[in-house]
Amino acid sequence: MTVTADSPAAKNAVDYLKSTWEEALPGLTVEEKFVTFKQCLEDTKNQNFEVALVSWGGDYPEASTFYGLFTSDAAYNYGKSSKADYDKAYKSAITENAMDPQKAAENDKAAEKALYDNALYNPIYYLNSQGLQNPDVKELVRNSTGLTVDFVHAHK
């Protein structure tokens with residue numbers, strides 16, 4: 001399993017996956033391959049892996065920041081998966097239904113179902129952060145993607 005050596009969270013995740021997979025599947029041996037972030041990018045781009053643990057942080061709070069990664073022609077689709085039903089649902093969400101949040105959400109759900117039904121990609125964990133805030137500070141914006149803390153309108 002290829003993973004970046006630059007992330008303590010990734011190291012813990014790989015250790016966990018190795019132990020649970022080897023326990024659940026007697027005879028399986030998982031080799032951990034820790035490389036630099038740069039090398040991990042090269043290995044995954046060139047399909048030099050059997051299993052890779054990679055992470056992605058969204059740039060904006062919208063499903064397409066994640067779902068766009070898995071279309072057949074996406075640059076970051078390192079596994080080179082290709083599913084017509086996934087591509088169709090994703091493209092519908094960002095084109096014909098882009099201005100209808102309910103229909104776009106239905107497309108996103110269909111894309112997610114196609115992705116997970118085929119077990120092409122599997123989320124392992126989600127990154128988050130915690131922070132303390134002085135109660136006198138008002139209108140501080142905390143985002144789940146992109147810029148995590150926005151001070152533009154913050155005031156005391």
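A residue is called buried here when its relative accessible area is under 20%. With that cut-off in hand, a tour of this predicted model can begin.

The protein chain is built from five helices and five strands. Read from the N terminus, these elements follow the order β-α-β-α-β-α-α-α-β-β. The radius of gyration of the protein chain is 19 Å, well over the 15 Å given by the globule rule for 156 residues, so the chain is more spread out than a compact globule. Along the principal axes, the C-alpha trace spans about 60 × 40 × 30 Å.

Turning to the surface, buried residues account for 27% of the 156 residues in the protein chain. The exposed area comes to about 10,900 Å², and carbon and sulfur atoms supply 55% of that area. As for charge, there are 15 positive and 23 negative side chains, and the centres of these two sets lie 2 Å apart. Among contacts with a separation of 6 or more, 43% join residues 24 or more positions apart.

Helix 4, which covers residues 84-94, is a good place to look inside. Its buried residues are Tyr86, Asp87, Ala89, Tyr90, Ser92 and Ala93. These buried residues pack against two other elements, helix 3 (64-67) and helix 5 (101-117).

In soluble globular proteins, nonpolar side chains tend to be buried together. In this model, the largest nonpolar core has ten residues, namely Tyr67, Leu69, Phe70, Tyr86, Ala89, Tyr90, Ala111, Ala114, Leu115 and Tyr121. Helix 4 and helix 5 each supply at least two residues of this core. A second, separate core has eight residues, including Ala13, Val14, Leu17 and Leu53.

Ala89 gives a closer view of the packing around helix 4. This residue belongs to the largest nonpolar core, and, with neighbours within four places in sequence left aside, Ala89 is in contact with Asn107, Ala110 and Ala111.

Glu112 offers a view from the other side, having its place in helix 5. Is this residue buried or exposed, or does it fall in between? With a relative accessible area of 34%, Glu112 is partly exposed, because the partly exposed class takes in values between the 20% limit for buried and the 50% limit for exposed. When neighbours within four places in sequence are left aside, Glu112 is in contact with Tyr67 and Tyr86, and both tyrosines are listed in the largest nonpolar core. Although Glu112 and Ala89 are 23 residues apart along the chain, their C-alpha atoms are separated by 8.9 Å.

Key. Residues numbered from 1 in each chain as written. Predicted model: local features only at pLDDT ≥ 70, side-chain atom pairs only at ≥ 80, totals over all residues. Heavy atoms only, no water. Helix = DSSP H or I, 4+ residues; strand = E, 2+ residues; numbered from the N terminus. Rg over C-alpha atoms; globule rule 2.2 N^0.38 Å. Buried < 20%, exposed > 50% of the residue type's maximum accessible area, 1.4 Å probe, protein only. Contact = heavy atoms within 4.5 Å. Areas by Shrake-Rupley, 256 points an atom, 1.4 Å probe, with all protein chains shown as cover. Lys, Arg positive; Asp, Glu negative; His and termini not counted. Charge placed at Lys NZ, Arg CZ, Asp CG, Glu CD. Core = buried A, V, L, I, M, F, W, Y, C linked by side-chain atoms within 4.5 Å.
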